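User: I am in my first year and would like a close look at a single part of this structure, the barrel and what is packed and linked around the barrel. Please take me through that part slowly and explain each term as you go.

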Amino acid sequence: MKLGLYNAIFHDRPLPEALRAIAEAGLTGIELNSGGFLPAVHIPTMDDILVSDDARDEFLGTFEGTGVEIYGLNCNGNPLHPDSVIGDAHARDLRRSIRLAHRLGQTRVVTMSGLPGGEPGSRRVNWVVNAWNSAGLDVLDYQWDIAAPFWRDIDRFAADHGVKVALELHPQNLVFNSADVHKLMDVTGATHLGVELDASHLFWQQMDPVAVIDHLGELVVHAAAKDVRINPQWARLNGVLDNSFRRLRPDEQRTNLGGDEWVNEWPKNSSWDFVALGRGHDTAYWTEFLRALHRVDPDMLVNIEHEDTSLGREEGVRVAAEVLIAANRAL
């Protein structure tokens, strides 16, 4: 398998320093953020790369001799957001990322399916968690009517550029489980849409990532290695859909998601947490995760995403890399 790192955790440093840290962790690839929720910090010459071979070659020269290659682009965002300030910008970023991938010789762009509002005129997204009532299905019908033509168009655009778009199965998106993936393929007839298998969001939904890989098969075209720890003392009281988040004030450090939307503070007594590999599931589990991916594609790109707030940047990457490399050896 090809093991790398999603670069957002190293947005605090220049690209050459990030590549050095990745190589020191024993990894051989970097998944570059190219827009969406986060700016393309490590691709500052993107506009030039899109039109200039010299700019492209100069950028690619950054990787020579580092032992680290580009393992796909990441443009996670909400291209279906009903607020055009956010949705239109993220849709533009996605199309630019597909063009950029083609220019850089890459064949994978990671993103999310997105989520519209619940009805015409909405400016806020509406995630239907459990459509037990007819109104919930009315919302979903409306959202799919928006999503289908958008993703049909993106699929054609990706095909024209020799790129596959890998959707992360992330809650608060229209497509977040296997059934939704099949529905998207049915309503679009897509040939260049697939799944980025990020185990973390499946864990906390009580899904089985290995079973999902085996079920979706060749629709899995990319993977993320991120772990989750369930905290039973709180999960048994509040469940895994607990909304005890705190809104961060403008004078506090916070991450913008586009427009006037921001990341909130994680619950203090959380039902579950993102953790470094090995802190939620052991090396033996990650070996089986890689084995399932190997059955689909022996050269699958598998990139660590570090979001364990109890560990520093380098430390968290090192801990996760040790587990993933050990799992790969066991494979």
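Analyst: What follows begins with the barrel, goes on to the nonpolar core, and ends with salt bridges and two loop residues. The model is a predicted one, in which local features need pLDDT of at least 70 and side-chain atom pairs count only at pLDDT 80 or more, while totals for chains, interfaces and linings use all residues. Residues are numbered from 1 along each chain as its sequence is written, and side-chain values use heavy atoms, with hydrogens and water left out.

Helices (H or I, at least four residues) and strands (E, at least two) are DSSP runs numbered from the N terminus, and two strands pair if DSSP finds at least two bridges between them. The barrel is closed by eight strands in the order β1-β2-β3-β4-β5-β6-β7-β12, with parallel pairing. On average, neighbouring strands of this sheet are turned by 35° against each other, direction ignored; such angles run from 0 to 180 degrees between N-to-C directions, and the axes are lines fitted to C-alpha atoms, for helices over the stretch in contact. Strand β1 (residues 2–6) runs parallel to β12 (residues 301–304), and four bridges join the two. One of the residues involved is L5, whose bridge partner in β12 is I304. Helix α1 (residues 15–24) lies across β1 and β2 (29–33), and runs at about 140° to β2.

The next topic is the nonpolar core, a set of buried Ala, Val, Leu, Ile, Met, Phe, Trp, Tyr and Cys residues joined through side-chain atoms within 4.5 Å. Here buried means under 20% relative accessible area, exposed means over 50%, and partly exposed lies in between, for a 1.4 Å probe and protein chains only. The largest such core has 85 residues, and W151, L293 and V302 have the most contacts inside it. Its largest share, seven residues, comes from helix α11 (residues 313–330). If neighbours within four places in sequence are left aside, L293 is in contact (heavy atoms within 4.5 Å) with M1, I213, V220, A223, M300 and V302.

Charged side chains add another kind of link, the salt bridge, in which a side-chain nitrogen of Lys or Arg is within 4 Å of a carboxyl oxygen of Asp or Glu. The whole structure has 22 salt bridges. In one of them, the side chains of D47 and R96 meet at 2.3 Å, N to O. This pair links distant parts of the chain, since D47 is in helix α2 (residues 46–49) and R96 is in helix α4 (residues 84–104), 49 residues apart. D47 is exposed at a relative accessible area of 52%, whereas R96 is partly exposed at 27%. R291 and E288 form another salt bridge, at 3.2 Å from N to O, and both lie in helix α10 (residues 283–296), three residues apart, which is about one turn of the helix.

Two loop residues complete this look. Most residues other than glycine have a negative phi. Q172, although not a glycine, has a positive phi of about 70°, and its place is in the loop between β5 (164–168) and α6 (178–188). Q206 also has a positive phi of about 70° without being a glycine, and is found in the loop between α7 (199–204) and α8 (209–216). Q172 is exposed, with a relative accessible area of 55%, and Q206 is exposed as well, at 60%.
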